[in-house]
2 protein chains.
Amino acid sequence: MRRIFVFDAYGTLFDVHGAVRRHEAAVGPDAAKLSDIWRTKQLEYAFVRSLSGRYRDFEALTAEALDTAFAMVPSADRSLREALLDAYRTLAPYPDARPLLEHLKAGGHSLAILSNGSPGMLADAVGAAGFEPLFDCVLSVDTIHRYKPDPAVYEMVTKHFGVGRPEISFQSSNRWDIAGASRFGFRTNWINRSGAPDEYPDLKPDAVLTSLADLMPGK
Amino acid sequence: MRRIFVFDAYGTLFDVHGAVRRHEAAVGPDAAKLSDIWRTKQLEYAFVRSLSGRYRDFEALTAEALDTAFAMVPSADRSLREALLDAYRTLAPYPDARPLLEHLKAGGHSLAILSNGSPGMLADAVGAAGFEPLFDCVLSVDTIHRYKPDPAVYEMVTKHFGVGRPEISFQSSNRWDIAGASRFGFRTNWINRSGAPDEYPDLKPDAVLTSLADLMPGK
């Protein structure tokens, strides 16, 4: 039976900490801190802008979050700004992503990305990973100017495919994204590679997996 | 002329890091990290729940955020959980708060709190600080089940006082709160005690102050 598998992009297919890691030696001893603040602020900006009704695309927010991270981590060299933003546009996929995507595609299933990323960023990341032939569509929140976990974002998927909510299998490593998708009514798999603590006790995933490989047959 | 001054509570009137600081020796070397994660997760949960439409009150989110912080900071002793939550209910006000509030009250102005906090938490904090006689009202988002910076929260103020948006002077130390309040149309003062980097470039405060004392006459 043909099924629809939807994937979050940043943190799920692509390792968001890969950008700083690519320039780790140049960034220096506070590289991990810089990367953590960059990610935390990027998410804060998306949430706050969706709540306050003043959209700005994820590419702009990513740059603003990096500027804030530099301001909070004085040891990091600001001249790396452009190199880090370039690296963010071509983040490496996690090693478990391609085998699963290729397997599902070969099985005739529909594959989609649903991401807070802007269309340009997503096209670059998907292109750099060679993932274009694998996805039926890449849905960006930029179409509706709201960010996950606003229900209107998850609704982009059911509208696109013309199916009911429980027919969608949704994969994300971001626990807050799983919370929103479960609340919306998708079947959800939380890909918890890092052993992160569980959150949102009333908005559970249908399953908790340690890797996308757990979705392969025989697992 | 009688004016209306509205204050955010957590981070603006009350020092949110005061809870961990009160038990700093018992928490150990990662006390600051525990406090930072506690605060960051508390805010994330509020944003995500407002966006996803699954409200849970700030007291519950504060406890859940502390549990996540403990999970991420293994060196901190989990038996301090109740002591830290108790301390959060009676956070000390910043030293610059009382003199300004008393001055404005003596001048015949209206004073209000607008907070993501639950009514019980706010009553405890305001009571412990001896602030009850100073405020005309304490407005909690719990009435509408949405969190700042949702515009519906700021609208609670204009509805309560029956005035236009630019007639409200809004004070917050949280830059994202200032972004939401400025977007809504309040006159905003960002109380940036810590020299935090500016954020939300298109949603500026009307003024940036380093202390609530900057609102005293003669300053």
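Select helix α3 (residues 31–52) of chain B together with helix α5 (residues 81–89) of chain B: in this predicted model their axes come within 14 Å and cross at roughly 65°. The crossing of α3(B) past α5(B) is right-handed. To see what makes the contact, show the side chains of B:Leu34, B:Trp38, B:Arg39 and B:Gln42 on α3(B), then those of B:Leu84, B:Leu85 and B:Tyr88 on α5(B). Coloured by character, the residues of this contact divide into five nonpolar, one polar and one charged.

**Across to the other chain**

Keep α3(B) selected and add helix α3 (residues 31–52) of chain A. What distance and angle describe this pair of axes? The axes of α3(A) and α3(B) come within 10 Å, with a crossing of roughly 35°. This crossing is left-handed. On the chain A side, the contact is made by A:Thr40, A:Glu44, A:Phe47, A:Val48, A:Ser50 and A:Leu51. On the chain B side, select B:Thr40, B:Glu44, B:Phe47, B:Val48, B:Ser50 and B:Leu51. The residues where α3(A) touches α3(B) comprise six nonpolar, four polar and two charged.

**Both chains at once**

Now show chains A and B in full. Two copies of a chain are related by a rotation about an axis and a shift along it. Here, a turn of 180° and a shift of 0.0 Å along the axis lay chain B on chain A with an RMSD of 0.0 Å. The two copies are thus related as by a two-fold rotation axis. Of the interface residues of chain B, 100% are also interface residues in chain A, so the copies meet through the same surface.

**The sheet of chain B**

Hide chain A and select the strands of chain B. Six of them form an open sheet with parallel pairing, in the order β3-β2-β1-β4-β5-β6. Which strands stand at the edges? They are β3 (137–140) and β6 (207–209) of chain B; each has a single partner strand, so one side of each is left without a neighbour in the sheet. Between neighbouring strands of this sheet the average turn is 25°, direction ignored.

Go next to strand β1 (residues 4–7) of chain B and show its side chains. In a regular strand the side chains alternate between the two faces of the sheet. B:Ile4 and B:Val6 point one way from the strand, while B:Phe5 and B:Phe7 point the other way. Are these four residues of β1(B) buried or exposed? All are buried.

B:Phe5 is a useful place to stop, with a strand to look at on either hand. One is strand β2 (residues 110–115) of chain B, which runs parallel to β1(B) and is joined to it by four bridges. In β2(B), B:Leu111 is the bridge partner of B:Phe5. The other is strand β4 (residues 168–172) of chain B, paired with β1(B) in the parallel sense, again over four bridges. There, B:Ser169 in β4(B) stands opposite B:Phe5.

From β2(B), move on to β3(B): these two strands pair in the parallel sense over four bridges. Select B:Ser115 and B:Ser140 to see a pair of residues standing opposite each other, the latter in β3(B).

**The sheet of chain A**

Bring chain A back and hide chain B. The open sheet of chain A has six strands with parallel pairing, in the order β3-β2-β1-β4-β5-β6. Its edge strands are β3 (137–140) and β6 (207–209) of chain A, each pairing on one side only. Within this sheet, select strand β4 (residues 168–172) and strand β5 (residues 187–191) of chain A, a parallel pair with four bridges. A:Ser172 stands opposite A:Trp190, which lies in β5(A).

**Two single residues in chain A**

Select A:Asp15, in the loop between β1 (4–7) and α1 (18–22) of chain A. Why does A:Asp15 count as buried? Its relative accessibility is 13%, and buried means under 20%. Leaving aside residues up to four places away in sequence, A:Asp15 touches A:Arg21, A:Leu91, A:Ala92 and A:Tyr94.

Last, select A:Gly120, in helix α7 (residues 119–129) of chain A. With a relative accessible area of 31%, A:Gly120 is partly exposed. Add A:Ser140 and draw a C-alpha to C-alpha line: the two residues are 20 apart in sequence and 9.6 Å apart in space.

Terms used
Residues are numbered from 1 along each chain as its sequence is written. Chains are lettered from A and ligands numbered from 1 in the order in which they are written. This is a predicted model: local features need pLDDT of at least 70, side-chain atom pairs count only at pLDDT 80 or more; totals for chains, interfaces and linings use all residues. Side-chain values use heavy atoms; hydrogens and water are left out. Buried means under 20% relative accessible area, exposed over 50%, partly exposed in between (1.4 Å probe, protein chains only). Contact means heavy atoms within 4.5 Å. Copies are superposed by least squares on the C-alpha atoms of residues with pLDDT of at least 70 in both. Two strands pair if DSSP finds at least two bridges between them. Axes are lines fitted to C-alpha atoms, for helices over the stretch in contact, and angles run from 0 to 180 degrees between N-to-C directions. A crossing is left-handed if the near helix is turned anticlockwise from the far one by less than a right angle, and right-handed if clockwise. Ala, Val, Leu, Ile, Met, Phe, Trp, Tyr, Cys and Pro count as nonpolar, Asp, Glu, Lys and Arg as charged, and the others, Gly among them, as polar.
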